[in-house]
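Okay, thanks for making room for me this morning. I'll put the structure up and then walk through it piece by piece.

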Amino acid sequence: NKAKVLVVGGGYGGATVSKYIRLLSDYSIDVMMVEPNAAFVSCPVSNLVIAGMKTMADITNPYTGLSSKHGVRVVQDSVASIDPAKKTAVLASGGTVTYDKLVLAPGIDFMWDQIEGLQAAHAAGDVLHAWKAGPETMALRKQLEAMRDGGVFAISIPEAPYRCPPGPYERASVVAAYLKQHKPKSKVLILDANQDVTSKGPLFKKAWAEIYGPMVEYRPQHKAVAVDAKTRTVKFDVQDDVKADVLNVLPVMRAGALAVKTGLANANGRWCHTNFLNFESTAAKDIHVIGDAIQVAQGMPKSGHMANSHAKVTAAAIVAELQGMEINPHPMLTNVCMSYVDATHVIHVASVHEYQAPKKSFFTIGGSGGVSDVRSDLEGRYAEAWAKNIWADVLG
Ligand code: FAD
């Protein structure tokens, strides 16, 4: 009997782990991947869709490579519940699946109650987050297109940790690029709950000053506590209220709902602790959690590149365990985050992380990466290549 792995979620983490378990086991382990979306829609590069520089088609890729090239059973459905004791999962459509190993890569969900009025404003389509690429990406694009020249686009950022540390600053930058060209009297306000820009701060600030001048305004220590959809106002714990024409509020985030429901979010009820040798949950045997849903170690961002890296370590560990081989005692992770500051210029941050057995955790290797020092067209071409290459790697 072939061993069976059930993968929940077909994003950066789930699709990668599905492919690599098949590859590393010489196609001897059965992999079923359950994902509700018909195609893979990438969050990376989605800010450019919002700014009108790319289309949804540019960030959408099919799952067919996983099935046709690698024999992954891709099932369009979602997992409603998991029984870790029986090692079964129930699908939303009703069937029950048994597994030897389960990999949970559900991404993030939102803690709506942290900002009063936000859930209702979001449900009504008035205040969007567009922090999961898909229909909401285009809906935010439409709000920007409808905004008058001289209007204010405000983005509200929650306290770290959240999905993609540089993502909100990239969004503010490319929205400013669009407005500078099409609605030059407008303003971009960045309302950040954090003390300062959480990633590539000096590079972003330099780009804002040099490219956009007073059009972009950064306000730290602005922790949103309420929104009023009618007046498009956001309220803060300390600072004065801010009104905007387009209000883009990123809710406080936590691990995907299924992880919480299954009792795996054992880091403050928000994120999932894992054993970093194989990303097995510390709360349930034979369930491995990867991607944004995990409690990260020092210096590890919640990124697609990282989710892809977790997936490869996990695939190797699962194949080793199921085939009675020794597990790699010294896994490594890599990360690169490329951020557009306008349609063609990009800044990046990169790092390599090593597992240190005595501390049972990952640590950034000193001098292994760093940030780009100049904005150049070359970085823009690297960013295009990064996206093409990682999509090919994730999806086969
Ligand atoms: P996801 O990719 O979100 O995948 C989770 C999947 O699980 C989803 O497809 C979902 O449908 C599915 N799912 C959830 N629940 C269930 C269930 N119960 N049953 C079945 N399926 C389920 N990262 C970078 O590395 N570089 C970037 O440049 C970058 N830019 C970004 C820009 C923006 C605007 C945003 C929002 C994010 C960006 N990121 C970037 C971060 C990146 O998108 C995430 O870190 C990455 O998607 C995490 O991968 P994941 O597999 O954990 O989650």
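So, which elements surround the ligand? At least two residues of the shell come from each of α1 (12–24), α2 (46–50), α6 (167–182), α9 (304–322) and β22 (332–340). Keep in mind that this is a predicted model. There are 37 residues around the ligand, and the ones that come nearest are Gly9, Gly11, Cys43, Gly107 and Gly291. If you sort that shell by class, you get 16 nonpolar, 16 polar and 5 charged residues.

Two of those shell contributors, α1 and α9, also pack on each other, so to speak, and I'd like to stay with them for a minute. For anyone who doesn't do this every day, a pair of packed helices is described by the angle between the axes and by the distance between them. For α1 and α9, the axes come within 8 Å and cross at roughly 30°. The crossing of α1 past α9 is right-handed. Who does the touching? On the α1 side we have Tyr12, Gly13, Thr16, Val17, Tyr20, Ile21 and Leu24. Across from them in α9, the partners include Gly304, Ala307, Ala311, Ala315 and Val319. The residues of this contact split into 11 nonpolar, 6 polar and 1 charged.

Now, α9 has another helix to deal with, α10 (residues 377–395). Here the axes come within 11 Å, with a crossing angle of roughly 35°. And which hand does this crossing have, left or right? For α9 and α10, the answer is left-handed. The contact uses Gly304, His305 and Asn308 from α9, and Ile390, Asp393 and Val394 from α10. By class, that contact comes out as 2 nonpolar, 3 polar and 1 charged. If you like to track individual residues, Gly304 and Asn308 are listed in the α1 contact and again in the α10 contact.

Next up, the annotations. UniProt, in an unreviewed entry, has "domain: FAD/NAD(P)-binding" covering residues 4–118. In the model that stretch is 23% helix and 33% strand, and its end C-alpha atoms sit 41 Å apart. The unreviewed entry also puts "domain: Flavocytochrome c sulphide dehydrogenase flavin-binding" at residues 329–395. Over 329–395, the chain is 28% helix and 39% strand, with 27 Å between the end C-alpha atoms.

On to the strands. Let me begin with β6 (residues 79–83) and β7 (residues 88–91), which pair antiparallel over 4 bridges. Ser81 has Val90 in β7 as its bridge partner. These two strands make a hairpin with 4 residues between them, and Lys87 in the turn has a positive phi of about 60°. Then β7 goes on to pair with β8 (residues 96–98), antiparallel, through 3 bridges. Val90 turns up here too, standing opposite Thr96 in β8. The β7 and β8 hairpin has 4 residues between its strands, and in it Gly94 takes a positive phi near 120°.

There's also a parallel sheet. It's open, with 4 strands in the order β13-β12-β11-β17. Why do β13 (216–219) and β17 (246–249) each have a side without a neighbour in the sheet? They stand at the edges with a single partner strand each, so one side of each is left open. From one strand to the next, the twist averages 15°. Inside that sheet, β11 (residues 152–157) and β12 (residues 187–192) run parallel and are joined by 6 bridges, with Ser156 opposite Leu191.

The other open sheet I want to show has 3 antiparallel strands, in the order β14-β15-β16. Its edges are β14 (224–228) and β16 (242–243), each pairing on one side only. Between β15 (residues 233–236) and β16 there are 2 bridges, and one bridge pair there is Val234 with Val242.

Last bit, the backbone oddities. Most peptide bonds are trans, and most residues other than glycine have a negative phi. Against that background, take a look at the loop between β11 and α6, where Pro161 lies. The peptide bond joining Ala160 and Pro161 is cis, with omega about 5°. Cys164 is in that loop as well, and despite not being a glycine, Cys164 has a positive phi of about 60°.

That's my tour, so over to you.

Notes. Residues numbered from 1 in each chain as written. Predicted model: local features only at pLDDT ≥ 70, side-chain atom pairs only at ≥ 80, totals over all residues. Pairing = 2+ DSSP bridges. Axes fitted to C-alpha atoms, helices over the stretch in contact; angles between N-to-C directions. UniProt positions renumbered as here; feature names shortened; annotations may be inferred. Near = placed C-beta within 6 Å. Nonpolar A, V, L, I, M, F, W, Y, C, P; charged D, E, K, R; others polar. Left-handed = near helix turned anticlockwise from the far one by under 90°. Contact = placed C-beta atoms within 7 Å.
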